[in-house]
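Trainee: I should like a close look at a single part of this model, set in the context of the chain that holds it. Could you take one part, explain its surroundings, and then widen the view to the rest?

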Amino acid sequence: MNRIDVPALARVEGEGGLFIGLRDGQAVEVRLDIYEPPRFFEGFLRDRFLQDVPDITARICGICPVAYQMSSAIALEAALGVQISPEVYALRRLMYCGEYIESHALHMFMLQAPDLFGRESVLELAASEPDIVRNALRLKKLGNAILSCIGGRSVHPVNVCVGGFYSWPSAESVRSLLPELEWALDTAVRAAHWAGTLSYPQLQIDYEFVALHHGTEYGLMRGEVLSSSGKATPVAKYEQEYVEYQVPHSNALHSKTRNGTPYMVGPLARLNLNHEQLMPGARSALDNLRLNLPLRNPHLSFVARAIELVHFVEEAIQLASTYSPEGASRIDLAVKAGEGTGASEAPRGLLYHRYQLDEAGLVQSARIVPPTAQNLPRMESDLRAMAAELASLPSAEATRRAEDLVRAYDPCISCATHFLKLRIQDTEAE
Amino acid sequence: MKIAAIGIGQDMRGDDAAGFEAVRLWEQTHAASASSPDIQVRLITVPALELADALDGADAAVVVDATSGAGEPGTIRTLSLSDLEGHTPASGNPHGWGLPEELRLGKLLGQFSPGLLVRLIGIEAGQMQLGRPLSLAVRAALPLACDRIQAEIEAIRKQ
């Protein structure tokens, strides 16, 4: 019998379990058991005033609250038919840069890097590679400082509203971020080079990648939902192409394409689909690695995050340097009934929202599709593809390989509704 | 000597606010000591990042936090860093990152002053439910916690 039990997967956000049933070296069953209770956000948004929504949805995640604020604000602005100013859009992008910096620094250096160095935790990594962890903490602090500066606080910021921001941060406070951003750019470029020198587990999967794509900027808050199959879908028609469904073993919904196939969202999808829109320094960092795109090894999401880290620091420098608040920081909203959709690229991938409002601006229905829920079927398919290899390995090593794979996705089960316990069972022997 | 007086917790989660409330009360009841130039007071909600900042440049620190599993609600214990060495994280995920992990990481990275003296005052929590106030037992323990904070600071000043 081949059986592995892990009480909880470390270094992912949230808790859940993994079951793999094997027979003759093939997977007969793979389940990511998401057993944390549902969080009912879509339920308790009902009958709340539209302006409450960005502050409520921000509470879905402590690491990517900006993503939830932005997707909800965009969707509600679409429902009201209002257009934010270019200044607001630029400040939202700068704020999003802060979230990417803190989230990617956390995942790359503190959650995934221990796997690449064969360490159990960031504490072990800090003992052997203290500079990596020091830089990670400094980057995380910088990301948080950007969020505090623009959003009022680093966790669950409070300055974002439907129609813009409650107030402009001062130009002086935004400019004060620049010296640390300059340090971060140098650090990120070196980290991208370093990421290219590391050894990654070998795995090649023929993924369908899905990400927001825009012709003139790195897909983040506008554009179409582009698939590597070539299909471009307007955000308003997202639900016609990507379908949520329930599985018995998960309190998080799963997603598939209309054709019934799993797809991947997140940094690998973004880099593969949007690399032509990278900032020049990030593009140069990517070129220097001499990689053949599209990247199809999920473990190379580490490299994708490293390139994105360069991009978002670079973009933050550009946006902070040119920040010059003018006019009203938000639109006076004329409340009316309507329905709107919005999507943005959270650090972990595409985040879609849809809201229906009544004439008083109260939410009648809400739909939130987080990135981890979209990636869950993809993770299960990857683990199925790895089954023969896992069955051939000693149980401790097989467990580690499976955990590494899941961690490469940077799942946020708290968002999807929280996640990992691994059991590999030889069903023949049962 | 620079001494950091640090409360850790959350105001919105019942007895998890014990560290905040104890430090706030100490600032009132021992105002002269708390406003002395050698003291820097910090209230921290996210120890993972803010604690390292608060300890940056400090020669000593008195850290007050809620504890769980150390007796009846309101029980006060004074601990040293060595008391935390056997601590096993309750959770392997980032939500389980707390004071012991942060102190250990800071030590590994050499973020703290050499010879940093840290004294920990734990106040046993009864409940940490969202939206609840401090329990009566914890509230009743706050004056004693203030005296402990002051006693630790005086002991540090004499060193």
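Mentor: Let us start with B:Ser135, which is in contact with B:Asp15 and B:Gln127 once its neighbours within four places in sequence are left aside. The model is a predicted one, and every value below is computed from it. B:Ser135 sits in the loop between β5 and α5 of chain B. Its relative accessibility is 16%, and because buried means under 20%, B:Ser135 counts as buried.

The two elements that flank this loop also appear around another part of the chain, helix α1. The cover over the buried residues of α1(B) includes β5 (117–124) and α5 (136–158), together with β1 (3–8), α2 (31–34), β2 (39–44) and β3 (60–67) of chain B. The buried residues of α1(B) include B:Ala18, B:Gly19 and B:Phe20, and B:Ala22, B:Val23 and B:Trp26 are buried as well. A general point helps in reading such a list: an α-helix has 3.6 residues a turn, so residues three or four places apart point the same way. The length of the helix can also be checked. At 1.5 Å a residue, the 12 residues of α1 (residues 18–29) of chain B should span 16 Å, and the end C-alpha atoms are indeed 16 Å apart, so expectation and model agree.

Now consider chain B as a whole. Chain B contains 5 helices and 5 strands, in the order β-α-α-β-α-β-β-α-β-α from the N terminus on. For 159 residues, a compact globule would have a radius of gyration near 15 Å, and the 15 Å found for chain B agrees with this. Its C-alpha atoms fill a box of roughly 40 × 40 × 25 Å along the principal axes. Half of the chain is hidden from solvent in the sense used here: 50% of the 159 residues count as buried. Among contacts between residues at least 6 apart in sequence, 77% join residues at least 24 apart. The accessible surface of chain B is about 7,500 Å², with 52% of it belonging to carbon and sulfur atoms. As for charge, the mean positions of the 13 positive and 20 negative charges lie 2 Å apart.

Chain A provides the wider setting. It has 16 helices and 14 strands. Its radius of gyration is 21 Å, close to the 22 Å that the globule rule gives for 430 residues, so chain A is as compact as a globular protein of that length. Of those 430 residues, 62% count as buried. The accessible surface of chain A comes to about 15,500 Å², and 49% of that belongs to carbon and sulfur atoms.

Some backbone details of chain A also deserve attention. The peptide bond from A:Leu293 to A:Pro294 is cis, with omega near 0°, and A:Pro294 is in the loop between α11 (280–289) and α12 (301–322). A:Asp47 has a positive phi, near 70°, although it is not glycine; A:Asp47 is in the loop between α1 (41–44) and α2 (53–57) of chain A and is exposed, with a relative accessible area of 53%. A:His156 likewise has a positive phi, near 55°, in the loop between α6 (130–151) and β4 (160–161) of chain A, but at 17% relative accessibility A:His156 counts as buried.

Key: Residues are numbered from 1 along each chain as its sequence is written. Chains are lettered from A and ligands numbered from 1 in the order in which they are written. This is a predicted model: local features need pLDDT of at least 70, side-chain atom pairs count only at pLDDT 80 or more; totals for chains, interfaces and linings use all residues. Side-chain values use heavy atoms; hydrogens and water are left out. Helices (H or I, at least four residues) and strands (E, at least two) are DSSP runs, numbered from the N terminus. The radius of gyration is taken over C-alpha atoms; the globule rule is 2.2 Å times the number of residues to the power 0.38. Buried means under 20% relative accessible area, exposed over 50%, partly exposed in between (1.4 Å probe, protein chains only). Contact means heavy atoms within 4.5 Å. Accessible areas come from the Shrake-Rupley method with a 1.4 Å probe; for residues, only the protein chains shown count as cover. Lys and Arg count as positive and Asp and Glu as negative; His and the chain ends are not counted. The place of a charge is taken as NZ of Lys, CZ of Arg, CG of Asp or CD of Glu. The expected span of a helix is 1.5 Å times one less than its number of residues.
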